[in-house]
Amino acid sequence: MDTLFSGACVLTMEPGSPVLRNAFVGVTDGKISCVGTQPPAQAAKTVIPCEGKLLMPGLVNAHTHTAMTILRGYADDDTLQDWLFKKVFPVEARFTPRTARAGALLAIAEMLRFGVTSLTCMDPFIPDIAQACLESGINANIGNGYLCTDPEKYDFASDGVTRQNMEMLQRFHMADNGRIRLDASVHAEYTSFGRVWSDAARFALDNGLNMHVHLSETEREHKECIERWGKTPAAILDAHGLFGTRTTAAHAVWVSDEDMELLARRGAAVAHNPASNMKLGSGAARIADMRAKGLHVALGTDSACSSNDLDLFWAMRLCLLLQKGLSRNPACAPAEQAVRSATLDGAWAQGRDGECGMVRQGMWADLILLDLDAPHLTPVHDVYSLLCYSARGSDVCLTMVRGKTLYRSGEWLTIDWERLKAELNGFVMPHVFGA
Ligand SMILES: [Zn+2]
């Protein structure tokens, strides 16, 4: 046995018996090798004493844009249309592989610090982002969304996204035993057209890839799509086969009841990004209704340019508060569901169900430890309530992916934080924003 977590309060996410007190979790060869309340007979190379700490599955950030982390605080008071077309796209045009890699590392450092063990990223420069994810040790589903509004200029075979996807398939897809994965991706209905969707859907199917798309994020997007095509974004994308493989539909703020039923039938997951949706004034997704229709609802932060941090504890809290406030029914959103969204449903959205998202023997040891020795985490009546309404990312004191500790008590073991800061301040920020 490589590592033994000893004497922890363990949130397993197992159905029926989710919380074990004073428990032991062993890790061997990257996987969870034992879980129980009795110390294992086998000795461990490293024992981590966990009195006063909570061990749980690592969190999944099911929708983000890692390179954009350098745009934190860059545009705070715009609608999505202005934010995207007037602020983000012009500055993103100055991004390079080097700036994207540094932005991605910054995002990964923040996420590891806040207990995220797996991320889904839509970004240009995916090979550079994949390299950063590979080196840092985090799990990642990575895709570059097709983005083309001019049918005259579009050719699937020569499109830059296709070329990157081919490179990703050769170099990174399923690297390190499936830790790094390529997702097929379309940016959104309003930034592309039918042939793009059919081609991307076929590419996903041919290569056994998940799909990742922004869907019905704003009322304007949803209504203009109906004016353009006579169908909702979900219906028109479905007509082109886009949900033919497991799909993460990011946002889904304005989807209709029929759209929700369609997404549930197709086995799609929704990535709910409450902070970004509130900040851009997009509205609030109807998560309780989605769950009632059998949809998997994962949680995301979206980019640090629209949510300003990558803290999924905050996303869990906001998700619950929004549902309760909107419906004026405090019973509609139990805390356990938000924790499920951030763990099991996130793993499901990524196609990693059965591999992680639980503390269960045989699963990858994607684990986080929270230090409960703090006034704002005392007392503990209910672990789910504590995680959603009281805890924050900064309460995480250890983040492990596949048995490897990547963050521990203020230190990153695979990211040189001082060097990254020097790269950001010395090269990246002057290059993108001018000296
Ligand atoms: Zn997004």
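**Exercise 1. Around R246**

Task: In this predicted model, find out which residues R246 touches, leaving aside those up to four places away in sequence, and decide whether R246 is buried or exposed.

Solution:
- Step 1: Start with the contacts. Leaving out residues up to four places away in sequence, R246 touches N210, G267 and G351.
- Step 2: Place R246 on the chain. R246 sits in the loop between α8 (233–239) and β12.
- Step 3: Count what surrounds R246. There are 21 other C-beta atoms within 10 Å. The cut-off for buried is 20 or more, so R246 is buried.
- Step 4: Check a residue further along the chain. A269 comes 23 residues away from R246 in sequence, yet the C-alpha atoms of R246 and A269 are separated by 7.7 Å.

**Exercise 2. The five-stranded sheet**

Task: Work out the order of the strands in the open sheet of five, and say which ones are the edge strands.

Solution:
- Step 1: Read off the order, which is β10-β11-β12-β13-β14, with parallel pairing.
- Step 2: Look for strands that pair on one side only. Those are β10 (184–188) and β14 (296–299), the edge strands.
- Step 3: Add the twist, which averages 25° from one strand to the next.
- Step 4: Zoom in on one pair. Strand β12 (residues 247–251) and strand β13 (residues 269–272) run parallel and are joined by three bridges. Within this pair, T248 has A269 of β13 as its bridge partner.
- Step 5: Put a helix on the sheet. Helix α13 (residues 335–349) lies across β12, β13 and β14, and runs at about 110° to β14.

**Exercise 3. Strand β7 and its neighbours**

Task: Explain why strand β7 (residues 116–122) is largely enclosed by the rest of the structure, then follow the chain from β7 to β8.

Solution:
- Step 1: Check burial. Seven of the seven residues of β7 are buried, so the strand is largely enclosed by the rest of the structure.
- Step 2: Take the pairing with β6. Strand β6 (residues 59–64) runs parallel to β7, with four bridges joining them; here L59 faces V116 of β7.
- Step 3: Take the pairing with β8. Five bridges link β7 to strand β8 (residues 139–143), again in the parallel sense, and M122 stands opposite G143 in β8.
- Step 4: Trace the connection. From β7 the chain goes through helix α3 (residues 126–136) to β8, a right-handed β-α-β crossover.

**Exercise 4. Two packings of helix α2**

Task: Describe how helix α2 (residues 97–113) packs with α3 and how α2 packs with helix α15 (residues 417–433).

Solution:
- Step 1: Know what to look for. Two packed helices are described by the angle between their axes and the distance between the axes.
- Step 2: Do α2 and α3. Their angle is about 40° and their axes are 8 Å apart, which makes α2 oblique to α3. The crossing of α2 and α3 is right-handed.
- Step 3: List who makes the contact. On α2, the residues are P97, A100, R101, A104, L105 and I108; on α3, they are D128, I129, Q131, A132, C133 and S136.
- Step 4: Do α2 and α15. Here the angle is about 135°, with the axes 10 Å apart, so α2 is oblique to α15 too. The crossing of α2 and α15 is left-handed.
- Step 5: List this contact. From α2 come R98, T99, A102, L105, L106 and A109, and they meet W417, L420, E423, L424, F427, V428, H431 and V432 in α15.

Note on methods:
Residues are numbered from 1 along each chain as its sequence is written. This is a predicted model: local features need pLDDT of at least 70, side-chain atom pairs count only at pLDDT 80 or more; totals for chains, interfaces and linings use all residues. A residue is buried if 20 or more other C-beta atoms lie within 10 Å of its own, exposed if 12 or fewer, and partly exposed in between; C-beta atoms are placed from the backbone. Two strands pair if DSSP finds at least two bridges between them. A crossover is right-handed if, with the strands pointing away from the viewer, the path from the first strand over the helix to the second runs clockwise. Axes are lines fitted to C-alpha atoms, for helices over the stretch in contact, and angles run from 0 to 180 degrees between N-to-C directions. Two residues are in contact if their C-beta atoms, placed from the backbone, lie within 7 Å. Angles under 35 degrees count as roughly parallel, over 145 as roughly antiparallel, 65 to 115 as roughly perpendicular and the rest as oblique. A crossing is left-handed if the near helix is turned anticlockwise from the far one by less than a right angle, and right-handed if clockwise.
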